[in-house]
Amino acid sequence: MLHSLAMRADILPLCDEHYRTMEPVLAPYSADYFIEFFRCTDKFCHRCFGERTGYITPQRGATPVLTPNQPNCNRHGRPMFIISLDRQRNNVTYACPEPDCPERVVRT
Ligand SMILES: [Zn+2]
Ligand SMILES: [Zn+2]
């Protein structure tokens, strides 16, 4: 039986298209395995952040396409999510979903 990886609860991911806060969703993946992911709170946006996939747009019946340039944590190898956007410098900061991981990646 596979277990869901722990996701930190102190910060929430932002959508990589809208920079809106995403909300956590627990989706049944199989009878005894739930996958945790986040989805954009914009109702017309279908972007999700999955603990194993990073940012994806899920499509019914199709394998989700991974986002090119999705950063991964150097320490944990986990897909990182956006925690802040600096509109003046036009850069975004990514954090690792591992609880208490201090790794950050800044992208312009
Ligand atoms: Zn969005
Ligand atoms: Zn990490």
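In the predicted model, Tyr 94 has Val 105 of β7 as its bridge partner. This pairing belongs to the contact between β6 and β7, which run antiparallel and are joined by 4 bridges. On the β5 side, β6 pairs with β5, again in the antiparallel sense, over 5 bridges. There, Leu 85 is matched with Val 92 of β6 as its bridge partner. The hairpin formed by β5 and β6 has 4 residues between the strands, and Asn 90 in this hairpin adopts a positive phi near 60°.

Taken together, these strands form an open sheet of 3 strands in the order β5-β6-β7, with antiparallel pairing. β5 and β7, the latter spanning residues 104-107, are the edge strands, each pairing on one side only. From one strand to the next, the twist averages 25°.

The nonpolar interior was examined next. The largest nonpolar core comprises 16 residues, and those with the most contacts inside it are Met 22, Phe 49 and Phe 81. At least two residues of this core are supplied by each of β2 (33-40), β3 (48-50), β4 (54-56), β5 (81-86) and β6 (91-95). The largest share, 3 residues, comes from β2. In soluble globular proteins, nonpolar side chains tend to be buried together.

The surroundings of Phe 49 illustrate how distant parts of the sequence meet at this core residue. When neighbours within four places in sequence are left aside, Phe 49 is in contact with Pro 13, Met 22, Phe 37, Phe 38, Gly 54, Tyr 55 and Phe 81. Two of these partners, Met 22 and Phe 81, are themselves listed with Phe 49 as having the most contacts inside the core.

A further set of contacts involves Asp 16, which lies in the segment before β1 (22-30). Asp 16 counts as partly exposed because it has 19 C-beta neighbours inside 10 Å, whereas a buried residue requires 20 or more. Not counting residues up to four places away in sequence, Asp 16 touches Arg 47, Tyr 55 and Ile 82. Asp 16 and Tyr 55 are separated by 39 residues in sequence, yet the C-alpha to C-alpha separation in space is 7.4 Å. Tyr 55 is also among the contacts of Phe 49, and this tyrosine thus appears in the contact lists of both Asp 16 and Phe 49.

Note on methods. Residues numbered from 1 in each chain as written. Chains lettered and ligands numbered in written order. Predicted model: local features only at pLDDT ≥ 70, side-chain atom pairs only at ≥ 80, totals over all residues. Core = buried A, V, L, I, M, F, W, Y, C linked by C-beta atoms within 7 Å. Buried ≥ 20, exposed ≤ 12 C-beta atoms within 10 Å, placed from the backbone. Contact = placed C-beta atoms within 7 Å. Pairing = 2+ DSSP bridges. Axes fitted to C-alpha atoms, helices over the stretch in contact; angles between N-to-C directions.
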